[in-house]
Amino acid sequence: MTYFAERLIWCLLGAAALTLSGCSGKTQDADTKIATAATADTGGSAKGDFGPPQGPEVKAILTSPPNVPPATGRHAPAKVIVELDVIEKEMPISEGVTYTFWTFGGTVPGSFIRVRQGDTVVFHLRNMPDSKMPHNIDLHGVTGPGGGAASSFTAPGHVSRFTFKALNAGLFVYHCATAPVGMHIANGMYGLILVEPPEGLPPVDREFYVMQGDFYTTGKYREKGHQPFDMEKAIDERPTYVLFNGMEGALTGDKALTAKTNETVRLYVGNGGPNLVSSFHVIGEIFDKVWYEGGTKFQENVQTTLIPSGGAMMAEFHIEVPGSYILVDHSIFRAFNKGALAILKAEGPERKDLYSGKEVDAVYLGDQAAGTNRTPITTAAAAYKAGTLTKEDQIAAGKVLFAGTCSTCHQPDGAGMEGVFPPLAKSDLLAKDPKRIASIITHGLTGPVTVNGKDYNSVMPPMAQLTDDEVANIGTYVLNSWGNPGGQISRDDAKAARAAAPANAGGEGH
């Protein structure tokens, strides 16, 4: 827009304002009024310097996910001390699967940091003596080269310190920026720092800290044992896991988030990446407000919101109806086949006027449903490794896996669905050739098939996401349940079935 065009618009607006003021007998400078309103609506670092710190030093309260520190409650800038430790440690990434994480504060994501706009933050980064790698920190809420990375390179057993002024309000990601940067982030080195606006945030009943990350292991999804980092998968952006808070099931079962009806919940959600964009959604809720991209503006009545890698957002919603609300990345295979799934349990009286009821959590949650105990899977894996695996171990593990993989179609009692999905209970198809179940699981079954004298013509897709252990355990459980002939499927049986051409993938007659 040219200078003259811009002045013409201002003049027209000014004339309109003067006309209105003339009707009321008042005179106003329209240019000044509009310019003041525009300035008042402008955020950014130009409004962020509130002078020197006032009062005594404040030591920041850091919390582990999913907890959030209390509001600062301050009305003036302060000198705030942040002490954050880098800890390299082995932790579970899934049931029976371990991974060596590099962490800020011993958790993935790292500790939540909360300060006020205008604060002077003195940041201490300590790298534990037993670390194998140097690390640093890049805080997206820092104004200065590298976001602090250039000032915080820290060798094992050392501590670095730098100071910054929190000029911009918002929710910001922090992460390690030591080369290779992608590897450090992929190993869990990220977290969130909230810079409150001077007036603070509106009070809510519950606040939770959730952060998504994609992980790259040499083994496939849920393959048991210790799994190293796979650089080739990371470069190709082929994650083995996509997780909330660093572990599959970190926010399900006994560790689910909790709230009550008639409460307002605020979620602080980040995406550490290093590669994927998150399509964040809460099944059964609508966000009343979303502060998109972690900034100071909000959108209302949002169903799903994008969170870029290295980005964040805040969302609020009011809970009216009790039940289990499922947090997912709505790039949906990530939720149900890579682990990006969490639960918020809301307790309170029913609201039949708003929702009739009948929860069917199994359809969404599978083996991550509230209360599901995945310990038998770990027990079976450990027994196999020790050479002591029994049929009973496999049956116990297979029961858990069946609930999450097969029960929706074949039903928990193996009865199937009349005219749609054939029964597994007292199945003459399985009795004729028990070992065939491994091939059916790995390759699927398509086309006409007769089971117990009744014809079916549906599609069972290949369960290629299952490991050989999982195929063997599910098969053993089915063969030893609901009046079936018994028997045992081994890991070798499953491996051979996977490698062979499907015996009857097209159904009978193929």
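Hi everyone. Let me start with one small residue: Ala-169, at 15% relative accessibility, counts as buried, because the cut-off for buried is under 20%. That alanine sits in the loop between β7 (159-165) and β8. Its C-alpha atom is 5.6 Å from that of Glu-196, a residue 27 places away along the chain. Leaving aside residues up to four places away in sequence, Ala-169 touches Gln-117, Val-195, Glu-196, Pro-197 and Thr-296. Before I go on, please keep in mind that this is a predicted model.

Now the wider view. The protein chain has 510 residues, and 49% of them are buried. Its secondary structure comes to 13 helices and 23 strands. If we take the contacts with a separation of 6 or more, 69% are between residues 24 or more positions apart. The chain exposes about 23300 Å², with carbon and sulfur atoms supplying 57% of that area.

Let's turn to the strands, and to β10 in particular. Which strands does β10 pair with, and in what sense? With β12, strand β10 (residues 206-215) runs antiparallel, joined by four bridges. With β14, the pairing is parallel and extends over eight bridges. For landmarks in your viewer, Phe-215 stands opposite Tyr-241 in β12, and Gln-212 stands opposite Asn-271 in β14.

Strand β14 (residues 264-273) is mostly covered, with nine of its 10 residues buried. It also pairs with strand β19 (residues 311-318), this time in the antiparallel sense, over eight bridges. There, Leu-267 stands opposite Ala-315 in β19.

Back to β12 for a moment. In a regular strand, side chains alternate between the two faces of the sheet. So are the faces of β12 (residues 241-244) covered or open? Both are covered: Tyr-241 and Leu-243 are buried on one side, and Val-242 and Phe-244 are buried on the other.

Next, another loop residue, Phe-229. You will find this phenylalanine between β11 (225-226) and α4 (231-236). Is Phe-229 buried or exposed? At 17% relative accessibility, Phe-229 counts as buried. What does Phe-229 touch, beyond residues up to four places away in sequence? The list is Tyr-99, Met-183, Ala-186, Asn-187, Tyr-216, Thr-218 and Ala-234. Take Ala-186 from that list: it is 43 residues from Phe-229 along the chain, and the two C-alpha atoms are separated by 8.5 Å.

For those of you who like to check backbone geometry, I have four places to visit. Two are cis peptide bonds. One runs from Pro-65 to Pro-66, with omega near 5°, and Pro-66 is in the loop between β1 (58-59) and β2 (79-94). Another runs from Ala-179 to Pro-180, with omega near -10°; Pro-180 is in the loop between β8 (170-175) and α3 (181-186).

The other two places have positive phi in residues other than glycine. Arg-222 has phi near 70° and lies in the loop between β10 and β11. Asn-452 has phi of about 55° and lies in the loop between β22 (445-451) and β23 (454-460). Their surroundings are worth setting side by side: Arg-222 is buried, with a relative accessible area of 8%, while Asn-452 is partly exposed, at 35%.

Last stop, the empty space inside. Rolling a probe the size of a water molecule over the atoms shows where empty space is left. How many cavities of 30 Å³ or more does a search of the whole structure find? It finds two, and the largest has a volume of about 70 Å³.

What lines that largest cavity? The residues are Lys-224, Ile-377, Ala-380, Ala-381, Tyr-384, Leu-389, Leu-401, Thr-467, Asp-469, Glu-470 and Asn-473. By class, they divide into six nonpolar, two polar and three charged, a split in which Tyr counts as nonpolar. Two helices, α7 (375-386) and α12 (468-479), each supply at least two of the lining residues. The largest share, four residues, comes from α7.

That's my tour. Thanks for listening, and I'm happy to pull up any of these spots on the screen.

Terms used
Residues numbered from 1 in each chain as written. Predicted model: local features only at pLDDT ≥ 70, side-chain atom pairs only at ≥ 80, totals over all residues. Heavy atoms only, no water. 1 Å grid on protein atoms, 1.4 Å probe; cavity = no way out; pocket = protein on both sides within 12 Å on 5 of 7 lines; lining within 4 Å. Points joined across faces, edges and corners; volume = space filled by probe spheres on them. Buried < 20%, exposed > 50% of the residue type's maximum accessible area, 1.4 Å probe, protein only. Pairing = 2+ DSSP bridges. Contact = heavy atoms within 4.5 Å. Areas by Shrake-Rupley, 256 points an atom, 1.4 Å probe, with all protein chains shown as cover.
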